[in-house]
Amino acid sequence: MSDLVRRTLFVLNPALFIGCGNDANENAGVELDCDGWDFTDVEGIGNFDDDDENGVMDWEDVGVANDNDLTEFPLPSSLYDGLGKKSTIVIAVEPNEDGEDASLEGIRVWLNDEVILDSDTLEVSLPKSKNDRTLWFEFEGLLNEATFSITGQRKNGAVEVENTFSVMSAPLILNHHRQVGELVVSLSYSGLGGNADFVEEFEDTLGDGFASYPVNQYGWDVWIQDEIEFATLTTENHHMDMVINSIRSGDSQYLDKFPGDNLIEPDVAQYTWGDGRASSQDSFGNLEVTPPLTANGVEYPFGRAYWGEYRGSGPTQALTGMVEEQKVQAPFQLDVSWLCVGHVDEFVTFLPDPTAAQGFKMLVSDVDVGYELLEAQDPTTEIPQYEDDHGYATIGEIVDDVALRALNEELQEDYINPNIEILKEATGVTEADIIRIPGLFEEVGWCGGTTISLMPGTVNMTVVPMENGETHLFMPDPFLRANPNLD
C-alpha cells in the first residue's frame, strides 16, 4: 500500500520567552524584572536533520552555520546593571531532581559560534558586556533536558541575584488520520502483474499530492507502508518532519534507502530506532496512531500510538521504548497472534468523521458481517479470483464451508472481540462510533497455523484527509464478482 508523508501538526507546548520590564521582547529568551531575573522554561527540537545538506546529521556536524534548529536565548546587556564594571554572570548545570550529579548529555550551548557548555563543560562565566548577546541551545535528540542556574556576581565574588531555568527538547509525535495529507507515495511497476491501475487512480484523485517511484530501483520491494512512518518535532518556533525508517530492510537494501533518495531535505530528517534481525511486527503496518481523543477522563490531544504483539513479541524494544518515553501518545498494545503477517492495520483503522462524538469512527473487520454480506449474494456467483488461490469457485462454496465458518467464529470470539474491548477502553469509543466491515480469514499451514485475509482486508486502506474537508479512502478490492475486469 502507501502512506501519508509530511502532515501538518499543531504545536505541542509553546516555548516561553522573556524580556526585561516594560521593554520586554516577546521573542526573547529571558524575563527580567527590575528586582531580579525570572527565567522560564526553554524548549527546542532535536537537531536530526541536515540543513547544509552535506550528508552529516547536524548534531554530528561541526559548527552551526545555516542551522535553523537551535533555540535562541538572549542575554541582554541590562542583566549586568547594578553589578559593577567587572561583574560576571555564571551559568552552570544543576543536579537533577533525584540529586544525581549535574550532567549535560545531549545538549550544547553556543555563543558566537563556539560551544561554551556541553557534557564536558558544565559551568561558564561570562564577563560584563556593553552589547546584548545570544546563547543558542542545541539538542541531540528527544526529551533531552537539564536545569541551569544563572548567577550574577560582583568583582569580589558576592552573589547578587540567582535563579534557575530548565530546558528540554520536544517529544516525537507520530501522525494520525485526522491530519491533512500532503503527499502519498507508492512504488510502481507497469509490467505484467503490475500496479498501473492502482497508481493511475491515485494520480487522478490526488494530482500533485501523489508521487510514485520505480519499484525496480528498490529491490522490487513494494511495501512502502511497512518501511517508513511519519512524525513531527514541534515547538512554537521550530518544526521538523521526521521519517522513521524501519529495521525491516537495513544496510541500504531495498526500501531502506528510499527516504534518503526522495524525502530527506532541510527540516525533514530520518532516523531508525533499533537494529538486528527484524520480525514482521517491526513493519510499520504494525504501528499506528488513533486520532486525538478522550478516554476515561484523560485527554490525548495527539492521539494514542498502538501496535500489535504476536505471541508476546512486538516491535523492537528500541522503537516501542522510545514511543513510551514520549508519554504524550500513551501507547497500548493489541493481540495480533492470529494473523500470519501480524499487523494491526489488517483489522482496524480510524477515519475522520465530524458527526462522530470524538470526530472519528473506528473501522474493524468483523466475521459476522462478512458472512452477512456473502449470504445476501447469489450463491452461484462465480468468483474466479478466488478459485485458483483459495479453491472457492463460487460465493456459495465459501458460505457452505463448515470448517472455515468455525475457524472464523473462533477468531471473532478469541481475538477480534477482545481487541475491540481493548480499543474501547483505550480510546473511549462506543459501539455507536464503530463501523464493522466484512472480513473473513483462512488458515495457512506455512505460517504456523495462523491466518491471512480470505476476503481482502478492506479495512487495510489508505486514508487521505484533504484541506477542503473531504477524505479520500483508497480501499482494497474484495474481488466478489464474476468478471474481475468490471469495476
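## Contacts, packing and confidence in a predicted model

Setting aside neighbours within four places in sequence, R108 contacts D58, W59, V115, L117, D118, W136, F137 and E138, where contact means heavy atoms within 4.5 Å. R108 lies in strand β8; helices (H or I, at least four residues) and strands (E, at least two) are DSSP runs numbered from the N terminus. With a relative accessibility of 15%, R108 counts as buried. Buried means under 20% relative accessible area, exposed over 50%, and partly exposed in between (1.4 Å probe, protein chains only). One of the contacts of R108 is W136; R108 and W136 are separated by 28 residues in sequence and by 8.2 Å in space, C-alpha to C-alpha.

The model is predicted: local features need pLDDT of at least 70 and side-chain atom pairs count only at pLDDT 80 or more, while totals for chains, interfaces and linings use all residues. Residues are numbered from 1 along each chain as its sequence is written, and side-chain values use heavy atoms, with hydrogens and water left out. The chain has a mean pLDDT of 87, and 91% of its residues reach 70 or more; pLDDT is the predictor's confidence in each residue, from 0 to 100. Over residues 1-38 pLDDT stays under 50, and the model has 130 contacts beyond four places in sequence for this stretch. Where pLDDT is low, predicted coordinates should not be read in detail.

Two residues other than glycine have a positive phi, as tabulated here.

| Residue | Phi | Location | Relative accessibility |
|---|---|---|---|
| N112 | about 50° | loop between β8 (107-111) and β9 (114-117) | 65%, exposed |
| R311 | near 50° | loop between β23 (305-309) and α4 (317-326) | 54%, exposed |

Most residues other than glycine have a negative phi.

One disulfide is counted, a disulfide being a pair of cysteine sulfur atoms within 2.5 Å. It joins C340 to C447, with an S to S distance of 2.0 Å. The pair links distant parts of the chain, 107 residues apart: C340 is in the loop between β24 (332-335) and β25 (348-352), and C447 is in the loop between β28 (441-443) and β29 (451-453). The torsion about the S-S bond of C340 and C447 is about 90°, so the disulfide is right-handed. C340 and C447 are both buried.

Strands β25, β26 and β27 form, in the order β25-β26-β27, an open three-stranded sheet with mixed pairing. Its edge strands are β25 and β27 (434-438), each pairing on one side only; two strands pair if DSSP finds at least two bridges between them. From one strand to the next the twist averages 30°. Strand β26 (residues 360-366) runs parallel to β27 and is joined to β27 by five bridges. S365 has I437 in β27 as its bridge partner. Helix α8 packs on this sheet and touches β25, β26 and β27; the direction of α8 makes about 155° with that of β27. Axes are lines fitted to C-alpha atoms, for helices over the stretch in contact, and angles run from 0 to 180 degrees between N-to-C directions.

Helix α8 (residues 402-427) also packs with helix α5 (residues 367-375), at an angle of about 145° and with the axes 9 Å apart. In this contact V367, D368, Y371 and E375 of α5 meet L404, R405, N408, E409, Q412 and I416 of α8. The residues of the α5 contact with α8 divide into four nonpolar, two polar and four charged. Ala, Val, Leu, Ile, Met, Phe, Trp, Tyr, Cys and Pro count as nonpolar, Asp, Glu, Lys and Arg as charged, and the others, Gly among them, as polar.
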